[in-house]
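User: Could you walk me through the reasoning behind some of the labels used for this protein?
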Amino acid sequence: MSSDTGTKKMGLVGLTVLVAVNMMGSGIIMLPASLAQVGAISMLSWIVTALGAMCIAYTFAKCGAFCKRSGGMSAYAEEAHGKSSFFISSYTYYVCLVISCVAIAVSALGYIKPFMPWLDTPIHTFFGVVAILIFTMVANFGGAKITGQISAFTVWGIIIPVAGLSIIGWWWFDPQTFMNAWNPHHDTTMHSVSSGIALTLWAFLGIESAGANSDAVENPERNVPLAVLFGTGFAAIIYIASTGVIQGIIPNSELSASTAPFGLVFSHMFNPTVGNIVTLAAVIACIGSLLGWQFTNAQVSKAAADEGLFPKIFAKTNKAGVPIAGMLIMLAAEILLAVMTISPNLISQFNALLNLAVFINMVPYILSMTGLEVLLRKNMVSKKQYRLGATVGTLAVLYSIYGVYACGATAVFGGTILTLLGYIFYGFIAARDTKPEVKAN
């Protein structure tokens, strides 16, 4: 028997599917309602974001191929900006995932509302979000295996309806309904596109993990960047098709007020029973996605604590290897954020969280992607490879900066404060690691 029989590696097609599935989680399920507030002109935002996301994905794939250290984005950032950027990248990514978990909980509650209309008041919404956060956090105490199995199964609860709508929804598509929704506020094209950029970019968050499978891939130097581009492009097509077709089925005023847009469109296409099934599947998908992201964030903080960059309490684990103390700290931060973002309606709260999460996530994105040129130089690539990598990487950074602008002043202001607070923490870490000078008597 061949010695490599047990080490069969993934090919281009398999990795492309993996990248697309990993990206298409719960981020899409509230977006049709949020984008309807901009109008169908947000289709242009999707196109710009798809191109930008492909540049980002390619850049991260290259960084992952040339940086053999552990630490992911934080390690890439340190290549160009030094040790402080390793901490700030880890810190801001952690904060972003806290915000994202609350946004996902809000999304789940939005889809629960059709079954529990009394959740309509802000105080009931708050307690509902907190209940979801606590439930998923406690479920994570069982360890990585259970979390992984649940998340891998539940994600299909949203992928199947969204992909299905992209294919069969055109039978119910009305061009006039779509055109009536094109630009309801009569804004300029540039303003409308910018208004939709942060919303569409939200759907691609997590793209940084796309190139993390190089060790298990055949010919990774060729296949990882290609799979990342193809997978991102496929996800973009599904996103554009599903949000486009829904705006040609549901009148814009009704869509923009919905807290469960995919359930609503399947009710229109078939009947309320089918709509309820899709709504329930979306709730399950959100719960599974939230499980996965909370576990991921616990591991991010544990890894940072193991490196001495986070307090030691984040590294403490139980017999199952679960960092429960770190998870409880994260839960407290999530509940505090849920209090701070209480809004009259769920869509407003979701949009506020989304914009803040996108801005915070652009900090480690920009820090890490600007490390690509250093990695290319260290690995002595050819001039052609360097020019291609540096060009695409620069475009990815410029798009990320545009994403920051599109988040709006409120998100940028709040996100900047949160980022600067991180430097206070790093000051203590740097002081702890500095050896005192011995003064002569």
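Analyst: Happy to! Let's start with a definition: a polar contact is a pair of N or O atoms within 3.5 Å, where, within protein, one must be able to donate a hydrogen and the other to accept it. Please keep in mind that this is a predicted model.

User: What makes the pairing of the S89 side chain with the backbone oxygen of S85 a polar contact?

Analyst: The S89 side chain reaches that backbone oxygen of S85 at 2.9 Å, and the cut-off is 3.5 Å, so the pair qualifies. S89 itself sits in helix α5, which spans residues 83-112.

User: Why is S89 called buried?

Analyst: Its relative accessible area is 1%, and buried means under 20%, so the label fits S89. Beyond residues up to four places away in sequence, S89 touches M73, S74, A77, P364 and L367.

User: How do you know whether C63 is in a disulfide?

Analyst: A disulfide needs two cysteine sulfur atoms within 2.5 Å. The closest cysteine sulfur to that of C63 belongs to C67 and is 7.7 Å away, so it is too far for a bond. By this rule the count comes to zero disulfides.

User: And are these two cysteines, C63 and C67, buried or exposed?

Analyst: C63 has a relative accessible area of 0% and C67 has 8%. Both values are under 20%, so both residues count as buried.

User: What makes E334 buried?

Analyst: Its relative accessible area is 0%, which is under the 20% cut-off, so E334 is buried. E334 is found in helix α15 (residues 324-340), and its contacts include V98, C101 and Q294.

Methods: Residues numbered from 1 in each chain as written. Predicted model: local features only at pLDDT ≥ 70, side-chain atom pairs only at ≥ 80, totals over all residues. Heavy atoms only, no water. Buried < 20%, exposed > 50% of the residue type's maximum accessible area, 1.4 Å probe, protein only. Helix = DSSP H or I, 4+ residues; strand = E, 2+ residues; numbered from the N terminus. Contact = heavy atoms within 4.5 Å.
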